[in-house]
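Me: Could you take a close look at one part of this protein for me? I would like a connected account of one helix and what comes right after, and then whatever else helps me place it.

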Amino acid sequence: PLPPTHSQGLERTEHEGFGGGNTAWEEEKLAKYQHSETRLLEVLEGVCAPSDFACHQLLERSEEHVEQWWFHERQQHPDLFQWLCMDRLALCCPAGTYGTDCRPCAGGPQQPCSGNGRCDGDGTRRGTGLCVCSPGYGGPFCAECGDGYYEVSRNKSHLICAECYRACGRCTGPEDSSCLRCKRGWVLHEHRCIDIDECGTEMAHCRANQFCVNTEGSYECRDCSIACIGCMGAGPARCKKCNKGYWRDGAKCLDVDECASTEEPVCTGAQEVCENTEGSYRCVCASGHVRRDGQCVEDKPPDAPEKGFFDDVTEDEVVVLQQMFFGVMICALATLAAKGDMVFTAIFIGAVAAMAGYWLSDRSDRVLDGFMKGR
């Protein structure tokens, strides 16, 4: 529902104007600020809290009603909350009432729920009108102290309750000796609440492989040791019976070392060794071996492919080999050219020219590069 905060906005804008420019001209031409739509918008800006989505939705749906009230109904009905939420939209009720007919809440509209709780649906057209009491209070009108609380003071309009001693369900004061009734898990003895040992009285209900631990007002069920089948307490010395993989040594159930307890090897696979675990054992690969495809094999990298003849040759070595190859070829051509064969003589001269050109070109590039770098 729309909160009745519009009155604060009216007070805030009571002595304001349009602001800026020629105010006298604006009031004469655009109507008085006090009754203007500008003032209405400024008032509505502060009606809803920024996070109150329902309030903003209500204002948006009721835009025409709000304008109707502002321009035509405000003088006759100055309370927007009453006119819009209660009379026109029938969404709200006066404080202390609830439901479609705005009936009084439990305990009366003046002080619902005796001031010690809240009325379900208070101020709305919904709810049951019943009291939801604050902690420590009870009864249909929240006019009594609740369980675990006692009456400190009371008059015609107010009741003050305080908490009893933690074990008391009802009491006359805060002391442990002022109990009238005990909470569950405790028994009353001479106005004191004594803890019930559920474990000793067989009131506890734990599973087969658990044991009972008494607590104040209750009990806990905790798991037995892994060495036990049934137990009377914590640890392997409180077992009723030893679990598989354990043996009894006096009062204690100890782990059986399966790896050392038999003459025959437990793990029979190649390169397998036995490793003892709590209550059992496992077969693992011997040192330096790993399991592959269910078998223990030597832990070494897979065989690398054979290297080629030139795999380890460096780039400088390749250049030398190339020069040697061309040198042999030129020598062969020179030998043939010396015999007077014109064809081989031409090939020899061309090869020499090509090698010279390549050498000079490569050399000139290096000389130029050195020059540019200042060498």
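Reply: Happy to! Let's begin just past the end of a helix: Ala90, which follows H6, has a positive phi, near 55 degrees. Please keep in mind that this is a predicted model.

Stepping back into the helix itself, H6 covers residues 80-88. Its buried residues are Leu80, Phe81, Trp83, Leu84, Cys85 and Met86. For reading such a pattern, it helps to recall that an α-helix has 3.6 residues a turn, so residues three or four places apart point the same way.

Now for the wider setting. The protein contains 8 helices and 20 strands. Burial applies to 26% of its 375 residues. The exposed area comes to about 25,800 Å², with carbon and sulfur atoms supplying 55% of it. As for contacts between residues at least 6 apart in sequence, 25% of them join residues at least 24 apart.

A loop residue makes a good companion to the helix. Glu258 sits in the loop that links strand S16 (252-255) and strand S17 (272-277). Glu258 counts as buried because its relative accessibility is 14%, and the cut-off for buried is under 20%. Leaving aside residues up to four places away in sequence, Glu258 touches Gly245, Val266, Asn276, Gly279, Ser280 and Tyr281. With Tyr281, the C-alpha atoms are 6.4 Å apart, although the two residues are separated by 23 residues along the chain.

Terms used:
Residues are numbered from 1 along each chain as its sequence is written. This is a predicted model: local features need pLDDT of at least 70, side-chain atom pairs count only at pLDDT 80 or more; totals for chains, interfaces and linings use all residues. Side-chain values use heavy atoms; hydrogens and water are left out. Helices (H or I, at least four residues) and strands (E, at least two) are DSSP runs, numbered from the N terminus. Buried means under 20% relative accessible area, exposed over 50%, partly exposed in between (1.4 Å probe, protein chains only). Contact means heavy atoms within 4.5 Å. Accessible areas come from the Shrake-Rupley method with a 1.4 Å probe; for residues, only the protein chains shown count as cover.
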